[in-house]
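Please load the model in your viewer and show side chains as sticks. The tour below goes from one charged pair to the next.

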Amino acid sequence: MSETTQAQAFWEDFYRDRPVWSGRPNALLVREVEALPPGTALDLGCAEGADAVWLAQRGWRVTGADAAPSALRRAATHAAEAGVTVDWQCHDLSRTFPEGCFDLVCAQYLHTPDEVPGERTAILRRAAAAVAPGGVLLVVGHERHERHPEADLPTTAEVRAGLALDADAWHVEREEVVEREVTDPEGRPATRRDNVLRLRRAPATS
């Protein structure tokens, strides 16, 4: 991007000073993808690259996109240490988007800094359009909860409605709320509920 956008500045400030995440792949990505045959993959909001590196280690040809250059630099270091290659691309996804079609497009906890109405939906529609025939769109997000009533945390039904996909061209492979035991920011045991939506695009017809 030739100019720094508001989203890029926000996420760069978030990632600039120190590593943020554990370096381990998202457990729900692993659960949903580990049985799929490797192909091409696009990881949207890839952050410091743990999911993209995990995919690459399993033979996927991966493009990782994020708005923060600092996060992408850490991701590139992570990939080099793991001995894999990932195409890291810097995008404010509300403005620009990676080119191409992919066998897997995944978005784990994709947020926009100001939660602009309709912005995430527009990004996810572009994500769906980037799925190759026969490919998978995986969207994982936190369930809406009382601790953060201001956050825009759509249900799987709301995500599907926003995507407005052709029912004849897409099949819902999984749609559920998953409850997991985690550690909260204060180091205490906690329970987290996440929404999982996995959609498969119909294969191309001959």
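**Salt bridges around strand 6**

Select Glu176 to begin: this residue is partly exposed, at 26% relative accessible area (between buried, under 20%, and exposed, over 50%, with a 1.4 Å probe and protein chains only). The model is predicted, so local features need pLDDT of at least 70 and side-chain atom pairs count only at pLDDT 80 or more, while totals for chains, interfaces and linings use all residues. Numbering runs from 1 along each chain as its sequence is written, and side-chain values use heavy atoms, without hydrogens and water.

Next, add Arg31, whose side chain meets that of Glu176 in a salt bridge at 2.7 Å, N to O (a side-chain nitrogen of Lys or Arg within 4 Å of a carboxyl oxygen of Asp or Glu). Because Arg31 belongs to helix 2 (residues 27–33) and Glu176 to strand 6 (residues 170–183), the pair ties together parts 145 residues apart in sequence. Both elements are DSSP runs numbered from the N terminus: helices are H or I with at least four residues, strands E with at least two. Arg31 is partly exposed at 33%.

Now select Arg160 and Glu175, which form a salt bridge with the closest N and O atoms 2.9 Å apart. Arg160 sits in helix 6 (residues 156–163) and Glu175 in strand 6, 15 residues apart in sequence.

Move on to Arg193 and Glu179, joined by a salt bridge at 3.0 Å, N to O. Arg193 is in strand 7 (residues 189–201) and Glu179 in strand 6.

Finally, select Arg31, Glu32, Glu173, Arg174, Glu176, Arg198 and Arg200: salt bridges with shared partners join them into one network. The structure holds 10 salt bridges.
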